[in-house]
Amino acid sequence: MKKITLLLFVTFCFTLNAQVLTEGFEGGIPVTWTQTQIDGATDWTTAANNQNSSVQPRTGTQMAYFFVGNYVNKTRLETPALDLTTLTTPVLTFYYTNATWGGDIEELRVFVKNSAGGTWSQVAEYTANAETWTEVNIVLPNPSNDYYIAFEAKANWGRGATLDDILVDELSGCLPPGSLTTTPTSTTDADLNWVAAGGESDWTYEYGLTGYTQGTGQIGGAAVNAETASITGLTSGTDYDFYVQANCGGGDGDSAYTGPFTWTQPDVGQACGTALQATVDPDCTTPLSLDFSTGVSGGASCDTFNNTVLWVKTTTTPAGGGIEISMSEAGDAAIFDACNGTEVACGPMPLALSGLAGNTEYYIAVWKDADGSTAVNDLCIVAAAPAPDCAEEPSLPVDGAIDIPVGIISLEWSAPSDMTVPPTAYNIYSGAAPDALTLVTSVDAPATTIDVTVNDFSTLIYWSIVPTNGLTEAVGPCLVWSFTTEAAPPPPGNDECADAVALTVNPDYGCGTVTNGTITSATDSGVDNCGGTEDDDVWYSFVATDTSHRVSLINISGSTTDMYHAVYDATPGCGALAAAEICNDGNVSDLTGLSIGTLYYVQVYTWTATTGQTSVFDICIGTLPTCLPPTALSSNNETETTADLGWTENGTATTWDIEWGTAGFVPGTGTTEAGVITNPFTLTGLTTDTDYEFYVLADCGGGDLSTWTGPFAFSSLPPEPVNNACINAITVDNGDSMIGSTVAATNVEALTECEGGGGSAATGCAGGTGTNNFGAGIWYVYTAGPDEAISVTTDNSIAPFFDTEIQVFSGDCNSLVCVGGDDDGGDNGALSTFCWESSATTGTTVDYYIYVDGHLANNGDFTLDVSVESTLSTTDFENQNAFTYFPNPVNNELTLKAQNNIQNVSVLNMLGQEVLRTSPNALESKLDMNTLSQGSYFIQVTINNVTEIVRIIKD
């Protein structure tokens, strides 16, 4: 009977308190609503489908919808003013979807404020996958008669955020909680989180494997009195669901369950709660190996492409100060002051952070750009160098200077007076406000001057010089200075079409007679038939003396060189210009089909919107010849003695003359190939390893010749390397360091790819991506004795740098058998290393053929280093010391046992880098392999001062 009375009372309340807001977007976004574009220029719209048509309106035919294909744009959809004083407990109810697209998903947040001039306060956020309509109920805080609600969406290239059926009404019954999320705290533990709807005293939660039927109690939780609950016993890589029910007590009872919220329990490194442990290393002797193939989607502020992220945590040294984060290949990092804490720095590595407290734990999200997101990289965290002092007052321009000419401005300052820590460089910051400066450029010390370009007239510019020591900036704050640029000059005289300056037509297309021009202070004439932003256009005219002419803009200098032009028939007059004869986004254009004696206008401008541009240029009009010269000269397929010379044909020419010679020859003194009819033309008779140039002339017949085009430089190749073929492999020995070159190599005999080609350490012959990654290479051979550990390394520090690959084969040149290989996946100057253990039986030798090439078609010089370590045979080692190791392959823990004490154990990856070391001095040792990536490793064990190397597989 009590519950019936409550229901009657609720019904009575609805009668007295009318709904304050109800919106289903059937008529589009209401005109009384406001849109605030925080980033980008995308508004909420209404739609009948989301991006992939997986969501339709919950009711009716329309829903509010936000989608844009990037990771940047953010817009807030705001209600008009609401009077909530008519409600006792106002509740916002709405429905939303937010579907993922390949792991990417939009961010939806709800904000409120209780006055027009108040500050927005976030009350909920939704960043998890929601592919079906999800109900949300929020008790609105601090109600007033001037109340506002905002729905903010940020683009993350998901399927789009949607809203429907928004209602602000009186609280009725016990509302379910919202904003379900999880926070993993380890690979087996997680915190379940939710937001109270209002009125409840505690909650009941329930969780289980994804897809379980709620209420079956597969894994159940108990009532709690906080908006979070910790659970344990989870399995990484497993999907789970959880639900929450509000317990309001009294006559309101319990709410319906909210959920499910689905999450995947992360593995090591996939969340800040499972971050990999890194140490602050004085000199990066023990880098942390990161396998990005195990990463997850990111989300830091400077990760604009939602790349694959791994999490690392580190503790600063007792002295504190700062850290520098770097990686073996290009990547980015974001640093947080706690797990799920505040981001304190974000940007490309190497990345420095100064002013850190001692013995403090920081969390770091690390990622590579999308093109290398699954590579294996080494991460180093070192103590930052000490900070230098700030720079002294500037000498040019002096602080507060005015009327500084725009263009190139020299900045000069004094070095710090205290040079206890001398700066290695100076960072130059500038901006429109003293507290909003951004890094513009840097200059290496000891220089204390730099030239910068400033194009804006009558502009107050603030600037500061911040000395650095390595990556560590002066702690500061360093002084901020200012200067003001000069006022803009008056517009040029030909700023409008009616004031066009007449051009002299040259007898040919050369610029014998030119007219000087400028767009400095030019304004918009309103003519924009060619697109772009012609807001700084100036005007010229010419009378056609032929049916074809060439317009040329030359000698361009100043703030911009991207000058463009359009040509119009002037007959209709400036006020009625028709479509342009030509719209050219370059500096030279040829006009054909002109009417002799007709006046034409030429509009010159820059393509983009400008403020204070100061460019100057020369313009000329010439008459086109009847025989046009060729353009776009090229050279391809060079050999030791030949090259294919090509060009772009223009006009009616059917034959061409080619003049060629060694680089720098004077035209007219070279060798001429006359009457050439093929394009490209194969030139023969070259000398090996020589630089050449060539020119081309078009012959249109009847003595009508074009001018010469050129020169174009090319080079013949050097002779093929002597070890171009496997049968000519050069013998290498232990300790050899040999200079090699793949330039002019033509033989590609390594038809079986020995390594994945993706930049990871070699794991044998499996997992290849095909032979198309391999370029022509050269061969070496090493004859291995029994029980040897061999390492070969290519060092690309010889210019020109290129990306090497190594493959190793046994057998003979007629029947090569893959042993393994390495492609470091690096950029210029990177390193490739491959290590293997000889399988030769006692008393015999094995020939190992080493193939070195450049990734894809790259080639260049390198140094090949060979290192061999003789080891006791495994059989003898095991007999003398009763040494055993198991399991192999290993998953979590490798056990080593011996009859005598195990002195030292080192784990080496396939790059020969030590990733784990221990000195047990015991008969048994257990190695924790959990933190190591899958793949092959060498275990180097020392017993009785004798070392044995065994190979194990980490699953």
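Buried means under 20% relative accessible area, exposed means over 50%, and partly exposed is what falls in between, using a 1.4 Å probe and protein chains only. This is a predicted model, where local features need pLDDT of at least 70 and side-chain atom pairs count only at pLDDT 80 or more, while totals for chains, interfaces and linings use all residues. Residues are numbered from 1 along each chain as its sequence is written, and side-chain values use heavy atoms, with hydrogens and water left out.

**Exercise 1.** Find Ser-548, work out whether it is buried or exposed, and list what it touches.

*Solution.*
- Start with the place: Ser-548 sits in the loop between β42 (538-543) and β43 (549-557). Strands here are DSSP runs of E, at least two residues long, and helices are runs of H or I of at least four, both numbered from the N terminus.
- Now the cover: Ser-548 has a relative accessible area of 14%, so it counts as buried.
- Last, the neighbours: leaving out residues up to four places away in sequence, Ser-548 touches Leu-591, Thr-592, Thr-623 and Leu-624. A contact means heavy atoms within 4.5 Å.

**Exercise 2.** Look at the loop between β30 and β31 and say which peptide bond is cis and how Asp-399 is placed.

*Solution.*
- The loop runs between β30 (392-396) and β31 (401-404), and Asp-399 is in it. Pro-397 lies in that loop too.
- Check omega: the bond from Leu-396 to Pro-397 is cis, with omega near -15°.
- Then check exposure: Asp-399 has a relative accessible area of 43%, so it is partly exposed.

**Exercise 3.** Find the other listed cis bond, at Pro-711, and give its place.

*Solution.*
- The peptide bond from Gly-710 to Pro-711 is cis, with omega near 5°.
- Pro-711 belongs to strand β55 (residues 709-715).

**Exercise 4.** Place Asp-165 and Ser-458, two non-glycine residues with positive phi.

*Solution.*
- Take Asp-165: its phi is near 50°, and it lies in strand β11 (residues 161-170).
- Asp-165 has 17% relative accessibility, so it goes down as buried.
- Take Ser-458: its phi is about 45°, and its home is the loop between β35 (449-454) and β36 (460-469).

**Exercise 5.** Step back and describe the whole protein.

*Solution.*
- Count the elements: there are 2 helices and 70 strands.
- Check burial: of the 955 residues, 47% count as buried.
- Look at contact range: among contacts between residues at least 6 apart in sequence, 72% join residues at least 24 apart.
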